[in-house]
Amino acid sequence: MEVAAGGGLVEATTSALRSRIASGQWPVGTRIPTEPELCELLGVGRSTVREAVRSLTTLGLLEPLTARGTFVRATTPAPTILVDALSAYAPAELVGLRRAIDVEAAQTAAANWTADDLRRMEAVLQEETDRLRAGGERRADGTHCARFHGAVVGASGNRLLIDLDAGLSAGMLASGLDARIASGLDVAVCLDEHDRILMAIRGRDVGAAAHWMAVHVDAALRGLHHQPIVTDLTALVEGRREGRGRARRGIA
Ligand SMILES: [Zn+2]
């Protein structure tokens with residue numbers, strides 16, 4: 001293997017493995033070649049391969065499983081790095097990012113969805129509706145929300161948004177923030193809001209998709225502290241309209 005001048009053998013090996021993962025030559029979920037095969041493929045020794053695999057494992061791209069081999073878990077280190085970085089922020093800051101991602105995803109999904117994306121979003125919504133109605137649950141663990149929002153983010157087609165969402169979701173799950181939000185959710189209301197969001201996305205109505213997602217996320221986040229954490233934009237816009245109406249009518 002060619003090693004760039006000044007670059008170490010481990011760095012070059014890491015980069016060779018990483019480019020195969022990033023290009024999709026080794027897709028997420030598949031097993032990469034064994035250690036001896038990698039030595040042969042890249043023309044380096046076992047300790048170099050081991051060091052490179054360890055470094056990509058730390059970044060969350062690979063996961064070695066005892067007796068089963070090493071598997072590809074992600075195409076970029078963004079989600080793993082984000083989970084670590086997010087621990088420095090307050091819950092209100094995390095939910096602000098959650099809201100930004102969800103609203104952006106909804107409007108981009110409305111503009112960009114493909115037939116496959118639409119089928120996936122519809123299937124997830126139907127499965128979760130059937131599951132929750134069959135169980136007669138009024139409150140759920142939030143899985144129905146996570147799956148539907150994940151499908152919407154996927155339909156946005158924005159890889160950075162998808163990675164940010166993966167990192168944020170993992171961070172919120174690890175911190176228990178997800179469970180706190182889920183405990184305040186009314187499942188029936190939630191499913192109804194998901195329906196409205198999907199209807200707007202299906203109709204390629206970018207404005208309505210963003211609006212209904214914002215209404216939905218704000219309602220869920222309000223339950224977190226029993227008071228608005230993020231500004232309720234719907235109320236703000238209504239308030240401004242009301243204010244303008246009053247001004248036009250000459251009311252103080
Ligand atoms: Zn939801």
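## The overall layout

Let's start with the parts list: the chain has twelve helices and two strands. Keep in mind that this is a predicted model. Read from the N terminus, the elements go α-α-α-β-β-α-α-α-α-α-α-α-α-α, so three helices come before the two strands, and helices follow them.

How much of the chain is buried? Of its 252 residues, 37% are buried. There is also plenty of contact between parts that sit far from each other in sequence. Take the contacts between residues at least 6 apart in sequence: 66% of them join residues at least 24 apart.

## The zinc site

Now for the metal. Which residues hold the zinc ion? Cys145 does so through its SG atom, while His149, His194 and His216 each use NE2, at 2.1 Å. Along the sequence, these donor residues follow the spacing C-x3-H-x44-H-x21-H. Cys145 belongs to helix α7 (residues 143-156) and His194 to helix α10 (residues 187-202), so this pair ties together parts that are 49 residues apart in sequence.

What is the geometry of the site? The angles among the four donor atoms run from 99 to 120°, and the site is tetrahedral. For comparison, the ideal angle for four tetrahedral donors is 109.5 degrees.

Are Cys145 and His194 buried or exposed? The cut-off for buried is under 20% relative accessible area. Cys145 has 11% relative accessibility, so it counts as buried. His194 is at 0%, so it counts as buried too.

## Two helices that cross

Next up is a pair of helices. When two helices pack, we describe them by the angle between their axes and the distance between those axes. Here the pair is α5 (residues 91-112) and α8 (residues 159-175): their axes come within 11 Å and cross at roughly 145°. The crossing is left-handed.

Which residues do the touching? On the α5 side they are Leu94, Val95, Leu97, Arg98, Ile101, Glu104 and Ala105. Across from them, α8 brings Leu161, Leu164, Asp165, Leu168, Ser169 and Met172. Sorted by class, this contact has nine nonpolar residues, one polar and three charged.

## A glycine in a loop

Finally, have a look at Gly43. You'll find this residue in the loop between α2 (35-42) and α3 (46-58). With a relative accessible area of 56%, Gly43 is exposed, because exposed means over 50%.

How far is Gly43 from Thr13 in space? The two are 9.4 Å apart, C-alpha to C-alpha, although 30 residues separate them in sequence.

Technical notes: Residues numbered from 1 in each chain as written. Predicted model: local features only at pLDDT ≥ 70, side-chain atom pairs only at ≥ 80, totals over all residues. Heavy atoms only, no water. Axes fitted to C-alpha atoms, helices over the stretch in contact; angles between N-to-C directions. Helix = DSSP H or I, 4+ residues; strand = E, 2+ residues; numbered from the N terminus. Left-handed = near helix turned anticlockwise from the far one by under 90°. Contact = heavy atoms within 4.5 Å. Nonpolar A, V, L, I, M, F, W, Y, C, P; charged D, E, K, R; others polar. Donors = N, O, S within 2.8 Å, 3.2 Å for Na, K, Ca; no water. Tetrahedral: all angles 85-135°; square planar, octahedral: opposite > 155°, others 65-115°. Buried < 20%, exposed > 50% of the residue type's maximum accessible area, 1.4 Å probe, protein only.
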